[in-house]
Amino acid sequence: MSLNLDSASLNNTFSRVALHTLGCKLNFSETSTLSSLLKQEGFEVVDFENIADIYILNTCSVTENADKECQALVRKVKRLNATCKIVITGCYAQLKPQAIAQIPDVNLVLGAAEKFNLIYYLKLLYDTQTNMVHCSDIQDLNHFQTAFSQENRTRAFLKVQDGCDYNCSFCTIPLARGKSRSDTIEHVIDTIKKLEQDGFQEVILTGINLGDFSTTTNNNKTAYLVDLLWEIEIQTQIPRIRLSSIEPNLLETPIIQLVKDSQKFMPHFHLPLQSGSSAILKKMQRRYHIDFYAKKISEIYSLIPDCGLGIDVIVGFPGETEAYFDETYQFLHGLPFSYLHVFTYSERKNTKAMTMENKVPMSIRKSRNQILRNLSLKKSHFFYKKFVGTYRPTLFEKPLENGTISGYTDNYIRINTPCSDGLENAIVPFKIMPVLTPQQEIVSL
Ligand code: SF4
């Protein structure tokens with residue numbers, strides 16, 4: 001379809017755009033890319049709390065009550081500007097385009113394939129003045145779209161992989177994001193070099209299933225995550241690279257070895273466990289057993305004793321008896337790690353787990369969540385205490401209004417300290433001090 005509008009005439013009508021993200025860091029990096037696209041076209045991007053002509057909501061399928069959240073945000077922005085246009089995109093838009101289109105005042109719904117053609121669809125909306133849904137079949141999506149966050153000038157989240165070919169029985173992400181696909185090594189290197197020139201000190205490599213990174217090189221060979229990491233190690237000057245979450249079965253020894261030997265790759269991993277009971281792991285269709293997981297953690301710590309380690313765990317999965325939950329608790333209790341991300345299982349349509357029997361009552365799910373959060377606080381505190389009195393290289397971000405500044409050590413301990421000259425966007429050796437409570441000082445990715 002050809003449009004008779006250019007960006008200039010579109011901008012004259014809708015000049016101010018506000019974006020909001022629900023969900024993960026990958027979604028944030030994509031929102032950031034959408035924001036850059038809009039700025040390149042001459043739009044003014046304003047805060048989501050401000051009055052705008054167009055509001056764009058990048059949704060998540062993992063968020064509980066995604067529909068209610070969307071409705072509440074739509075009502076909120078309509079109160080800010082009754083004549084605004086509202087665009088919904090992201091994972092939830094891909095999964096439930098028609099349901100979202102039914103929300104009063106939503107003007108445009110864009111699926112995963114259409115999201116980065118936002119400008120085109122805005123022009124179409126402006127041209128036709130008709131509410132629209134554009135959402136292709138996710139199976140047809142095999143194009144990789146690059147994205148990176150640009151919120152502050154210190155740390156950037158760079159998407160290098162998208163989609164997932166696994167079929168964990170609780171997860172809707174493959175339905176919302178499609179097949180696994182990756183960026184090229186050359187493009188990742190070029191993007192890191194640009195971020196480096198823009199003054200970023202740290203790049204966090206992200207993906208839906210990062211460990212599944214796979215691409216074809218110029219000489220027609222298949223390159224995997226470890227190959228990408230080696231090229232980053234050799235070809236870039238950025239001070240810090242960090243890996244985001246990686247499936248335990250895909251964290252191969254050469255990757256751990258590279259992180260150990262490198263000055264650039266930070267000693268920090270995030271490994272989803274999901275359950276410490278092999279019976280539940282099987283029902284979840286995860287691709288490892290707890291023995292394998294425990295060996296992987298012990299391999300990490302034998303090579304990198306100071307490593308920061310985050311673990312995802314889901315409580316209340318169907319069939320999780322008191323005994324199975326206790327297995328998870330005991331398993332985690334016996335592991336070294338620095339923090340947990342605890343998720344309460346909630347039913348998702350179109351997943352295998354949705355139809356499983358022996359559902360756990362919500363009150364029990366919640367109390368199990370609290371038990372593991374308490375364990376996480378204790379473990380975080382223990383991890384932190386190991387480093388009290390030692391110096392760790394810390395990347396400080398922007399000064400806060402209260403006169404303090406915060407940043408992360410190499411092994412992902414969050415530091416808060418009074419701000420002084422030379423700390424902003426700098427990596428400095430910082431002496432870890434005792435703290436009052438672990439929650440004040442240790443946060444997770
Ligand atoms: S690995 Fe499993 S949990 Fe992670 S995105 Fe793929 S299907 Fe979902």
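**Chatting through a predicted model**

Colleague: Hi! Which residues surround the ligand?

Modeller: In this predicted model, the ligand is surrounded by C164, Y166, C168, F170, C171, I173, P174, I208, E247 and R286.

Colleague: Thanks! And how do the residues of that shell divide into nonpolar, polar and charged?

Modeller: Eight residues of the shell are nonpolar and two are charged, with no polar ones.

Colleague: New topic, the sheet with β7 in it. What's the strand order?

Modeller: The order is β7-β8-β11-β14, in an open sheet of four strands with mixed pairing. β7 (147–148) and β14 (240–243) are at the edges with a single partner strand each, so one side of each has no neighbour in the sheet.

Colleague: What holds paired strands together, in general?

Modeller: Strands of a sheet pair through backbone hydrogen bonds, and they can be parallel or antiparallel.

Colleague: Okay, so do β7 and β8 run parallel or antiparallel?

Modeller: They run antiparallel, and two bridges join β7 to β8, which covers residues 155–159. A147 stands opposite K159 in β8.

Colleague: Now the helices. At roughly what angle do the axes of α10 and α12 cross?

Modeller: Roughly 25°, and the axes of α10 (residues 253–261) and α12 (residues 290–303) come within 10 Å. Angles under 35 degrees count as roughly parallel, so α10 is roughly parallel to α12.

Colleague: Is the crossing left-handed or right-handed?

Modeller: α10 passes α12 in a right-handed crossing.

Colleague: Last one: which residues meet there?

Modeller: From α10, T253, I256, Q257 and K260 meet K296, E299, I300 and L303 of α12. The residues of this contact are three nonpolar, two polar and three charged.

How values were computed
Residues are numbered from 1 along each chain as its sequence is written. This is a predicted model: local features need pLDDT of at least 70, side-chain atom pairs count only at pLDDT 80 or more; totals for chains, interfaces and linings use all residues. Side-chain values use heavy atoms; hydrogens and water are left out. Two strands pair if DSSP finds at least two bridges between them. Axes are lines fitted to C-alpha atoms, for helices over the stretch in contact, and angles run from 0 to 180 degrees between N-to-C directions. Angles under 35 degrees count as roughly parallel, over 145 as roughly antiparallel, 65 to 115 as roughly perpendicular and the rest as oblique. A crossing is left-handed if the near helix is turned anticlockwise from the far one by less than a right angle, and right-handed if clockwise. Contact means heavy atoms within 4.5 Å. Ala, Val, Leu, Ile, Met, Phe, Trp, Tyr, Cys and Pro count as nonpolar, Asp, Glu, Lys and Arg as charged, and the others, Gly among them, as polar. A residue is near a molecule or strand if one of its heavy atoms lies within 4 Å of it.
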